[in-house]
Amino acid sequence: MRTLVYLAHPRPDRSEINAPMFEAARGIEGITCVDLYGEYPSFEMNVDREQQRITEHDAIVFLHPLYWYSVPALLREWQDLVLEHGFAYGHSGHALDGKVTFNAVTCGAAAEAYTPEGANGAHLRTLLMPFEKTADLCRMRYLAPFALFGAGRAVEEGRDKSHLAEWRSLLKALRDDTLDITAARAALSLNGFTAAGAAKLEAV
Ligand SMILES: Cc1cc2nc3c(=O)[nH]c(=O)nc-3n(C[C@H](O)[C@H](O)[C@H](O)COP(=O)(O)O)c2cc1C
């Protein structure tokens, strides 16, 4: 699949996880990488260019930290302006039909917080429902989120390397059409879906 990764991070210079994930994606042949804040520091979105970009790809990945249970503001701006009626949805809006999309998210809180019993009272996939419903409206195929929890402690705890390895293998699987899309749509999380991810889960 022609795969596009959008990074939405307002301060990549301070990012411990998203910036290395973006760099890792840039190092993979055949993956298109766009730094949204880098391209639009004043929020002056080029809607035609973005619509062209997503039209030319089969998988659209949003790489971002979780901010207030949602995405950084420029990604919301992107949604508001790029996903136009008549382009992305509506009777004559079929540009995104069948495309695959998911959120690659880093969260400050620990994994236990993102459970029905935990502090946030719901799984991350449930909290990201606006993104899933937007994808549904645009007739896209929404996959479970790929997540790193406890992101602020990942580097000191040495969890960043395995996450990066799993991220690389996930992007390659998308690119090479080897990801089980049906299972990825049904799951709570994309973590563990590739060989690198499965090995990591087994080691825990
Ligand atoms: C404005 C802001 C809002 C945040 N909101 C949340 C949140 O709702 N849930 C959460 O788990 N972490 C939240 N965090 C923590 C970030 O998700 C975390 O710092 C980030 O994922 C770390 O990745 P980075 O090093 O690439 O920036 C927030 C951080 C900031 C700065």
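**View 1. The chain from residue 1 to residue 169, in a predicted model.** Welcome to the fold: across residues 1-169, helix makes up 33% of the chain and strand 17%. The C-alpha atoms at the two ends of this stretch are 14 Å apart. UniProt, in an unreviewed entry, gives residues 1-169 the feature "domain: Flavodoxin-like fold".

**View 2. The pocket that holds the ligand.** Here we move to the ligand, which sits in the second largest pocket. Around the ligand are 16 residues, and those that come nearest are His-9, Ser-15, Glu-16, Thr-106 and Tyr-114. Sorted by class, this shell has 10 nonpolar residues, 5 polar ones and 1 charged one.

**View 3. Ser-15 and Glu-16 beside the ligand.** Look for two neighbours in the numbering. Ser-15 places a polar side-chain atom 2.6 Å from an oxygen atom of the ligand. Glu-16 takes part through its backbone, where an N or O atom lies 2.7 Å from a ligand oxygen atom.

**View 4. Tyr-114 and the cover over the ligand.** In the side chain of Tyr-114, an N or O atom is 2.6 Å from an oxygen atom of the ligand. On its own, the ligand has 640 Å² of accessible area, and the protein covers 72% of that.

Technical notes
Residues are numbered from 1 along each chain as its sequence is written. This is a predicted model: local features need pLDDT of at least 70, side-chain atom pairs count only at pLDDT 80 or more; totals for chains, interfaces and linings use all residues. Side-chain values use heavy atoms; hydrogens and water are left out. A residue is near a molecule or strand if one of its heavy atoms lies within 4 Å of it. A polar contact is a pair of N or O atoms within 3.5 Å; within protein, one must be able to donate a hydrogen and the other to accept it, and residues adjacent in sequence count only if both atoms are side-chain atoms. Accessible areas come from the Shrake-Rupley method with a 1.4 Å probe; for residues, only the protein chains shown count as cover. On a 1 Å grid over the protein atoms alone, a cavity is a set of points where a 1.4 Å probe fits but cannot get out, and a pocket is an open set with protein on both sides within 12 Å along at least five of seven lines; lining residues have an atom within 4 Å of a point. A molecule sits in a cavity or pocket if more than half of its atoms lie within 2 Å of its grid points. Ala, Val, Leu, Ile, Met, Phe, Trp, Tyr, Cys and Pro count as nonpolar, Asp, Glu, Lys and Arg as charged, and the others, Gly among them, as polar. UniProt positions are given in the numbering used here, feature names are shortened, and annotations may be inferred rather than shown by experiment. Helices (H or I, at least four residues) and strands (E, at least two) are DSSP runs, numbered from the N terminus.
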